[in-house]
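Me: Please take a close look at the ligand site in this model. Then walk me through the backbone features and residue placements elsewhere in the chain.

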Amino acid sequence: MRPIIAPYPAARPRRLRRTPGLRALVQENRLSVSDLIWPIFVRDGEGVAEPVPSMPGVDRLSVDLAVRAAHEAAELGIPVLALFPYTDPALKTETCEEAWNPDNLVNRATRAIKAAVPEVAVMLDVALDPYNALGHDGLVRDGIILNDETLEALERQALAHAEAGADILGPSDMMDGRIGVMRAALERSGMPDVALMAYSAKYASAFYGPFRDAVGASGALSGDKKTYQMNPGNSDEALRMIERDLAEGADMVMVKPGMPYLDICQRVKERFGAPTYAYQVSGEYAMIAGAAERGWIDGDGAMMESLLAFRRAGCDGILTYFAPRAARLLREAG
Ligand code: PBG
């Protein structure tokens, strides 16, 4: 479709920018609270909200306060909370058993949230890094990240999270074959309704730094994640990864990070038309929140503009640490 545009002065595009009402009338894309997924960090203890230094305004919350956040999400209309654990370093091993401990932090938090606020969906990441003494998403032997051995561990982790009541699993590990393994395990275990949001096009990115601080994985990580996460120079490869994950049974797909990869979001949505999400990651959050804190940028303005950009690129929703703040602004704007 090619819009017809008359030459000036018959066409004066500024006519439709003249008033707020006219601008709203012709606005093509909108952000709504139902597009938001709110990632939170969970830690041990009670009544504890511990600030994450590299993410101004974000705290690690004990389970009771995570439940309070879930009430807040419900009240604001945020449909999904994504939980990430800050695991006690003493529980991290090279075999990562804590990942499928039914009573690990995120499983406890999920049970508590689903009991108190069942209408808020809980999404849990499936990857070994928060539990791995070596900081990697997969099992490591002699410095090599093992694919097929990792799949067995991820299957256990996925089932433990589903049994704890997770509505959505987010495999973020980038091992080959994981979506098919998890989908089959869920079917076999009588949990066919658990949705998979595949971190399909996940790039090896410098923008994850603050997250690794938040979950306590920075110190542990030996080397980088380039043998499993994607090369930022690639675009066609992202389409192949999305296609593969959809074929293996993913219900939703994700591009990550977000803002530096809007071109990928757009190609993915155009090509597959599947439910497509972007993760506005910790480093993106830190850039906006950090600059705003110093008075260098209009924080709310930059936040809303960045979130709208995902909708314009075709995303159905966004994982963002700004979720509660954006939800409040959307409500005020009516
Ligand atoms: C773990 C995982 C990461 C993020 C989500 N799940 C970090 C990583 O891959 O190192 C990053 C989220 C963020 O930066 O906000 N597999």
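Reply: What follows starts at the ligand and then moves out along the chain.

This is a predicted model, and every value below is computed from it.

**The ligand site**

Start with the shell. It holds 18 residues around the ligand. Which of them come nearest? They are K202, R212, K225, K256 and Y321. By class, the shell divides into 8 nonpolar, 3 polar and 7 charged residues.

Now the polar contacts. K225, one of the nearest residues, has a side-chain N or O atom 2.7 Å from an oxygen atom of the ligand. Two aspartates pair with ligand nitrogen instead. The side chain of D137 places an N or O atom 2.9 Å from a nitrogen atom of the ligand. For D129, the corresponding separation from a ligand nitrogen is 3.3 Å. How much of the ligand does the protein bury? On its own, the ligand exposes 400 Å², and the protein buries 100% of that. The space that the ligand takes is the largest cavity.

**Cis peptide bonds**

Next, the backbone. Most peptide bonds are trans. Two cis bonds deserve a look here. One runs from K256 to P257, with omega near -10°. K256 also belongs to the group that comes nearest to the ligand. P257 sits in the loop between β10 (252–256) and α8 (262–272). Another cis peptide bond joins Y8 and P9. Its omega is about 5°. P9 belongs to the segment before α1, which spans 20–25.

**Positive phi**

Most residues other than glycine have a negative phi. D142 is not a glycine, yet its phi is positive, at about 50°. Where is D142? It lies in the loop between β6 (139–141) and β7 (144–146). Is D142 buried or exposed? Its relative accessible area is 76%, over the 50% cut-off, so D142 counts as exposed.

M174 also has a positive phi without being a glycine, here about 65°. The loop that holds M174 runs between β8 (168–171) and α5 (178–188). Is M174 buried or exposed? Its relative accessibility is 5%, under the 20% cut-off, so M174 counts as buried.

**Helix α2**

Move to helix α2, residues 63–76, where A74 lies. A74 has 30% relative accessibility. That value is between the 20% and 50% cut-offs, so A74 counts as partly exposed. E72 lies in helix α2 as well. At 27% relative accessibility, E72 is also partly exposed, because the value falls between those cut-offs.

Now the distances from these two residues. How far is E72 from V120? They are 48 residues apart along the chain, and their C-alpha atoms are separated by 10.0 Å. For A74 and R141, the chain separation is 67 residues and the C-alpha separation is 43 Å.

**K114 and V120**

V120 returns in a polar contact. The side chain of K114 reaches the backbone oxygen of V120 at 2.9 Å. K114 itself is in helix α3, residues 105–116. Is K114 buried or exposed? Its relative accessible area is 19%, which is under 20%, so K114 counts as buried. V120 therefore links two parts of this account: its backbone oxygen takes the K114 contact, and its C-alpha atom is 10.0 Å from that of E72.

**V281**

One more loop residue. V281 lies between β11 (276–280) and α9 (282–293). Its relative accessible area is 2%, so V281 is buried under the 20% cut-off. Between V281 and A238, the C-alpha distance is 18 Å. In sequence, V281 and A238 are 43 residues apart.

**Back to the site**

To close, return to the ligand. The protein buries 100% of the 400 Å² that the ligand exposes when taken alone. The side chains of D129, D137 and K225 each supply an N or O atom to the contacts described above. K256 ties the site to the backbone section: K256 is among the residues that come nearest to the ligand, and the peptide bond from K256 to P257 is cis.

Conventions:
Residues numbered from 1 in each chain as written. Predicted model: local features only at pLDDT ≥ 70, side-chain atom pairs only at ≥ 80, totals over all residues. Heavy atoms only, no water. Near = heavy atom within 4 Å. Polar contact = N/O pair within 3.5 Å; in protein donor to acceptor, adjacent residues only side chain to side chain. Areas by Shrake-Rupley, 256 points an atom, 1.4 Å probe, with all protein chains shown as cover. 1 Å grid on protein atoms, 1.4 Å probe; cavity = no way out; pocket = protein on both sides within 12 Å on 5 of 7 lines; lining within 4 Å. Sits in = over half its atoms within 2 Å of the grid points. Nonpolar A, V, L, I, M, F, W, Y, C, P; charged D, E, K, R; others polar. Helix = DSSP H or I, 4+ residues; strand = E, 2+ residues; numbered from the N terminus. Buried < 20%, exposed > 50% of the residue type's maximum accessible area, 1.4 Å probe, protein only.
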